[in-house]
Amino acid sequence: MFFIVAHTKVILKSAFPALSLIAFLVFLGPQIFAQKKDSIKINNFNSGDYRASDLNYAGTVDKEGVLFFANENGVLKYDGSEWELIPITNFAAVFEIHITENNKIFIGGRNEFGYLKKDQSNKYQYISLRETISASINLQDFWQIEDINDNVYFASYEGIVRYNNGQSSLISINNSGIFKIDNSLYISRIDDGIYKVKNDSTFLFNDQFHFNDDYVYSALPSLDSDNLYLLYTSENGLFNYDPVANSMTLFIDKNNPSLKGKVLYDGHVWNDSLYIFTTWYSGLILMNKDGDIVREYNANNGLLVNELLNFVIDSRENIWITCNGGVIHIKWPNSNSSFKAHTLITNVISNYTENQLLKSIEFHFATPGYDKSDLDYSFILKGYDDEFSGWKNDVKKEYTNLPGGSYEFMVKAKLPGDIQTELVSHKFEVPLPWYKNPLYYLIFLIAGSLLIYTLFKLRTMRLKSLNQRLEKIIDNRTQELILQREQLKKTNEELVLRNTELDNFVYRSSHDLVAPLKSLKGLISLAKTDSSGGDMEEYLNFMNASVVKLEDFIKSIMEYSVNTKQNIVKKTVRLDDLIEDIRADLKYFDQAEKVSLIKNYDIDLQIKTDGSRLKIVLSNLITNCIKYHNYGQENPKVEVNVQLDYEEKIAKIEILDNGLGIDESHLEQIFEMFFRASNNKVTGSGLGLYIVKDTINKIGGKIDVDSKLGEGTSFTITLFDSIDTMIPSSVDSS
């Protein structure tokens, strides 16, 4: 039932402004309450009037007299002329609305709390504070709000949130309501006593008040004593409270002891002379300080319903009551004649064309404290109208297609009794069309002169820029010619070197090709003349040596040609595949079986390079190690070692032997074309190491050599940017 939800709501609206009803009561006495029901005027507003839910929970009024109501669909704002719905996060229901002394509006709703803030267009926007506390803290509906100093307290049945300057903290206490006395916050808990709040902690302050299903809703200033307060509950009546003695006694009245059983919902002190209570079953009750019920309003004498929720007293001492049917407005006769009404321009709406020209402007106005049906307005737009308009019941005025100029909109209201409010105004400017403003003629003259000067200046600057560009082009072309000349000179030097190498290569190649052929030819002639055939095997061995030498030289020429002409193709190759291919090629090489090939690298090691060229390099180096080895020693060997630098992406391949070695004086010449450093009987073409170095240069690397005569030789090949991310490992095999 709705009663279960709404009945437990607590609200405090104490210390209302002093109003003039005291004089009214003193002079008119009991006649006030003897009036017929038509001496007051009751207006009922429903969803058809304000376009929101019929269910309204609470209300308040700001310092300008604008009313705000907590509605099931958001916050309702009413300035006397127009209703406006301000939604909150997730279009949640609003249960409580509270205005502080500095006119800041705080909101409590369904699983939501925050405040209203005006934007640049003077419209209210809701700012949520829900994220200032952890989402894991289970707080549902916020029914009460109180402020003390800079602290704002939001109360739900699961706990209380204290908010101060952007920070929130939790006061862990449940099933309770809050109220304040003398700038201190108190908590009344169901089936418990009254607690006092200190910082974010609570302590039991009074255990006299203890009901199983009820608690203190609010503390009203006592009309009987300045030092006492009247605490009221929902179903257990009223109690006098002395904060100095911290004592509580039952309030005794004549007509209905402590209003027990009336199901009180909201209460206020009215004009320092009466208590007013809304009830859930019995309508509105007015009670004097002695407990006499001086007047009751309910569905039988004019109210919309008997089930009333909270109420607010506006600046004219009229009452606005929230209920499950809308908002009830009770206007008292002769209410607060000392109240000085003021008119507000509540909104200015400007519409512009696509060219940002003012198309129309609309002014909305209101007089808080009065309903628009009781008022007439007169207005003038200075600079456009010649005189004030006649009195009209309109609450907005629109102007369209205003010519350029300065304007001031002024409006005033006429209250019942022909009383007029002071004028309120809004000034604004509409720019003149450029062709109608005399100032533009002067601007055109100045602009024309500036244009001519600018064109002249621009032409001069353009010519200067063209000259600078031409000079720059000439400088660039000159630099290009110088660079081309240097490149041409370098190219010519390289061509001279290449031609020299080519001449040397042709000469030496011709000699090295012809020599084995002549030797072979001579051996064939000797074989023919030897009729006995006794030396034929020796002749064949010599012939074979000449053919091997010729074959070796032709192979070197082919490798040189491949390295010179073929494009470099880098891809990932398995190093061990290359080594094994070379081992197979050398299987039948003379005395190769005497030399051990030792591999010190991961058998699955992959290198990113030109595989065919790397094979040429390794084949030449390993072949030389075997060809020029010391076969007389105990353990002839060739080692292949690999070192990897993953950070620099460098692979180093070392070919190491324990052979004859190279004289230190020859180390700088061994990579020259046709240079032979070995004194071994087996001689090569002199192209192998030249091809090695030239090939390594092609694939982006370098080669270093270290050798000691009689001890062996080490060649170290460094290949740059040749490894990807992989796990280093080392495997020894032979």
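## Close-up views of a predicted model

**View 1. Glu580 is partly exposed, with a relative accessible area of 29%.** Here, buried means under 20% relative accessible area, exposed means over 50%, and partly exposed is anything in between, using a 1.4 Å probe and protein chains only. This is a predicted model, where local features need a pLDDT of at least 70 and side-chain atom pairs count only at 80 or more, while totals for chains, interfaces and linings use all residues. Residues are numbered from 1 along each chain as its sequence is written, and side-chain values use heavy atoms, leaving out hydrogens and water. Which side chain meets that of Glu580 in a salt bridge? That would be Arg583, at 3.4 Å from N to O; a salt bridge puts a side-chain nitrogen of Lys or Arg within 4 Å of a carboxyl oxygen of Asp or Glu. The two residues sit about one helical turn apart, because they are three residues apart in helix α7. Arg583 is partly exposed too, at 32%. Through salt bridges with shared partners, Asp576, Glu580, Arg583 and Lys599 are joined into one network.

**View 2. Asp577 pairs up with Arg574 in a salt bridge.** Their closest N and O atoms are 2.6 Å apart. Asp577 is partly exposed, with a relative accessible area of 36%, and Arg574 is partly exposed at 26%. By the same rule, the count comes to 17 salt bridges.

**View 3. Helix α5 carries a salt bridge between Arg477 and Glu480.** Their side chains meet at 4.0 Å, N to O. Both residues lie in α5, three residues apart, or about one turn of the helix. Are they exposed or partly exposed? Arg477 counts as exposed at 51%, whereas Glu480 is partly exposed at 40%. Helices here are DSSP runs of H or I with at least four residues, strands are runs of E with at least two, and both are numbered from the N terminus.

**View 4. A nonpolar patch on the surface includes Leu442.** Its members are Leu439, Leu442, Ile443, Leu445, Ile446 and Leu450, with about 570 Å² of accessible area together. Areas come from the Shrake-Rupley method with a 1.4 Å probe, and for residues only the protein chains shown count as cover. Patches are made of residues with over 30% relative accessible area and no salt bridge, joining like charges within 9 Å and nonpolar side chains (Val, Leu, Ile, Met, Phe, Trp, Tyr) within 5 Å. Leu442 is found in α5, which covers residues 438-529, and is partly exposed at 48%.

**View 5. The largest nonpolar core has 38 residues.** A nonpolar core is a set of buried Ala, Val, Leu, Ile, Met, Phe, Trp, Tyr and Cys residues joined through side-chain atoms within 4.5 Å. Leu575, Leu618, Leu621, Ile653, Ile655 and Ile717 touch the most other members. Elements that each supply at least two core residues are α7 (575-585), α8 (611-627), β39 (637-645), β40 (650-657), α9 (688-698) and β42 (712-719). Which of them gives the most? It's α8, with seven residues. Leaving aside neighbours within four places in sequence, the contacts of Ile653 (heavy atoms within 4.5 Å) include Leu575, Leu618, Val640, Phe715 and Ile717. There's also a second, separate core of 26 residues, with Val66, Phe95, Ile105 and Leu309 among them.

**View 6. Helix α9 is mostly covered.** How many of its 11 residues are buried? Eight are: Gly688, Leu689, Tyr690, Ile691, Val692, Asp694, Thr695 and Ile696. Just after α9, Gly700 takes a positive phi of about 80°.

**View 7. Ser39 and Pro333 come together from far along the chain: 294 residues apart in sequence, but 6.5 Å in space, C-alpha to C-alpha.** Ser39 sits in the loop between α3 (31-34) and β1 (41-45), and is partly exposed at 23%.

**View 8. Here's the whole chain, for orientation.** It has 734 residues, 46% of them buried, and its secondary structure comes to nine helices and 43 strands. The mean pLDDT, the predictor's confidence in each residue from 0 to 100, is 83, and 81% of residues reach 70 or more. Over residues 1-38 the pLDDT is below 50, and over residues 727-734 it is below 50 as well.
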